[in-house]
Amino acid sequence: MTSLDEITRLVSSGDSDLKGHHKHGLTVLTTAVFAVGEMAGSGVLALPSALKGTGYIGILLNVLCALVSAYTGMLLGKCWLMVMNRYEEYQEETRYPYPAIGQVTFGKPGRLIVSCAINFTLFGVSVVFLLLSSQNIQSLVKDAGRDISFCYWLIIVAGALLPLTWLGTPKDFWPIAVGAVVATSIACCVVLANIIMDGHDGPPAFYPNIEFKGFFFAFGTICFAFGGHPAFPTFQADMKNPEKFGRAIFISYLIVLLMYLPVAVSGYVVYGINTQDNVLQSVSQGPMLYVVEILITLHLICSFIIVINPVCQECEELLNIPTGFGYKRVIFRTLMMGVTLFVAESVPHFGAILSLVGGSTTTLLAYVLPPVFYLKLCSMEGSWDKVEAPLHEKVACFEIIAIGTIAGVASTYSAVASLASSSFSQPCYL
């Protein structure tokens, strides 16, 4: 019987037959940068408003979500190591690692559940990023004296991003991830300074009472902010040393938490009940706000390329489109961008959508499936050495599954109820 740490050591030392290494792949640092680039951004904008539903207990909830998300992200990395170690077909370049884990553990139903959840999550996130970046650009241009319809900006931004979506896998566009992280880091510092200034000059804030619906609606938003798991295995599959994925995840969540907490807490303290879904709509006008809008827009544009890539890769696998660059990839990803643009033009609203995605599929992919898959892989027997999960890991996994399921159902219900009572903007083409 072999422990997972021993398998990881063998892979790292080169004594294993595992071929899941890429000579020119991502390092620990670049993998962490990709994870931060995928997660940070929309969370910075939405978390101050989320605290309206949770109150100050939301601070603890943010920390716990970050810790649990980091742990389940590491579990997901261990799952991929076991799959690569046991099955030769996954030791070469794989475009759908998370669904592959579902396939190995629970067959076609497992793969189908993961694929549907990932595609719903990442496609929804892509739509949100396209909406937010277009809204920010419209606001900036309007302040400069020229008012162009938001609906036209959606088309312009989508057209500008289209060539970048043709890039293959994360290792082909790592500078985009670096740009996303740098832009968000500077934006967090500037918006924090702007909020502090508003706190000195503005009226005292009032805070709402905490209610069941509002609390779990906010929980869905918090889960969304820390739920980068749909793309994590894609990053790991592109690493030089995939066994070091856990280190990258720990670094990424530490960075994201340091970005999120100061802005979330200060925004809630200063604006209270008047905090908008997008905190930039609560911040006072001025040069600092314009700088933040530009930086956040850069992040959203970069993150759009990152989050839509796994969806494209898996669909290309199903359609037998070659992994190399070619006209089939260009045609397919152009069509994918067209569908994304159509949805954005049809539903120009993002607040409750974030909570719906966060409470449903993000909770499933981040808090339920990783421990389920890990326990299943540890219990499986075959020609390989069996991996024994320690008792403390089993207990932690069962607790995360139970809490994640209950909280996910409650937050999904709250998000659906909010969507049902919301008044949506009219589609652009009507």
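Me: How much surface does the protein expose, and what share of it do carbon and sulfur atoms supply?
Reply: Happy to start there, with the reminder that this is a predicted model. The protein exposes about 17900 Å². Of that area, the share supplied by carbon and sulfur atoms is 66%.

Me: Which residues make the nonpolar surface patch of about 460 Å²?
Reply: A good place to begin is helix α10, which spans residues 245-271 and holds F250. F250 is one member of the patch, which covers about 460 Å². The full set is F250, I251, L254, I255 and L258.

Me: How many helices and how many strands does the protein have?
Reply: Reading along the sequence, you meet the pattern α-α-α-α-α-α-α-α-α-α-α-α-α-α. The count is 14 helices and zero strands.

Me: What percentage of the residues is buried?
Reply: The protein has 430 residues in total. Counting as buried those under 20% relative accessible area, the share comes to 57%.

Me: Which helix gives the largest share of the largest nonpolar core?
Reply: That core has 129 residues, and F226, F232, Y260 and Y374 touch the most other members. The largest share of this core is 17 residues, and they come from helix α5 (residues 97-143).

Me: Which residues does F226 touch, leaving out those up to four places away in sequence?
Reply: F226 is among the core residues that touch the most other members. Leaving out residues up to four places away, its partners include Y260, which is also among those core residues. The whole list is M39, N62, C65, A66, S69, Y253, V256, L257, Y260 and Y367.

Me: Is F219 buried or exposed?
Reply: F219 sits in helix α8 (residues 212-226). Beyond its neighbours within four places in sequence, F219 is in contact with L61, C65, A407, G408 and S411. Its relative accessibility is 11%, and the cut-off is under 20%, so F219 counts as buried.

Me: How far apart are the C-alpha atoms of F219 and S414?
Reply: Along the chain, these two residues are 195 residues apart. In the model, their C-alpha atoms are separated by 9.7 Å.

Me: How many disulfides does the structure hold?
Reply: Take C312 as an example, with its nearest cysteine sulfur belonging to C315. That sulfur is 7.0 Å away, and a disulfide needs sulfur atoms within 2.5 Å, so C312 is in no disulfide. For the structure, the number of disulfides is zero.

Conventions
Residues are numbered from 1 along each chain as its sequence is written. This is a predicted model: local features need pLDDT of at least 70, side-chain atom pairs count only at pLDDT 80 or more; totals for chains, interfaces and linings use all residues. Side-chain values use heavy atoms; hydrogens and water are left out. Helices (H or I, at least four residues) and strands (E, at least two) are DSSP runs, numbered from the N terminus. Buried means under 20% relative accessible area, exposed over 50%, partly exposed in between (1.4 Å probe, protein chains only). Contact means heavy atoms within 4.5 Å. Patches are made of residues with over 30% relative accessible area and no salt bridge: like charges are joined within 9 Å, nonpolar side chains (Val, Leu, Ile, Met, Phe, Trp, Tyr) within 5 Å. Accessible areas come from the Shrake-Rupley method with a 1.4 Å probe; for residues, only the protein chains shown count as cover. A salt bridge is a side-chain nitrogen of Lys or Arg within 4 Å of a carboxyl oxygen of Asp or Glu. A nonpolar core is a set of buried Ala, Val, Leu, Ile, Met, Phe, Trp, Tyr and Cys residues joined through side-chain atoms within 4.5 Å.
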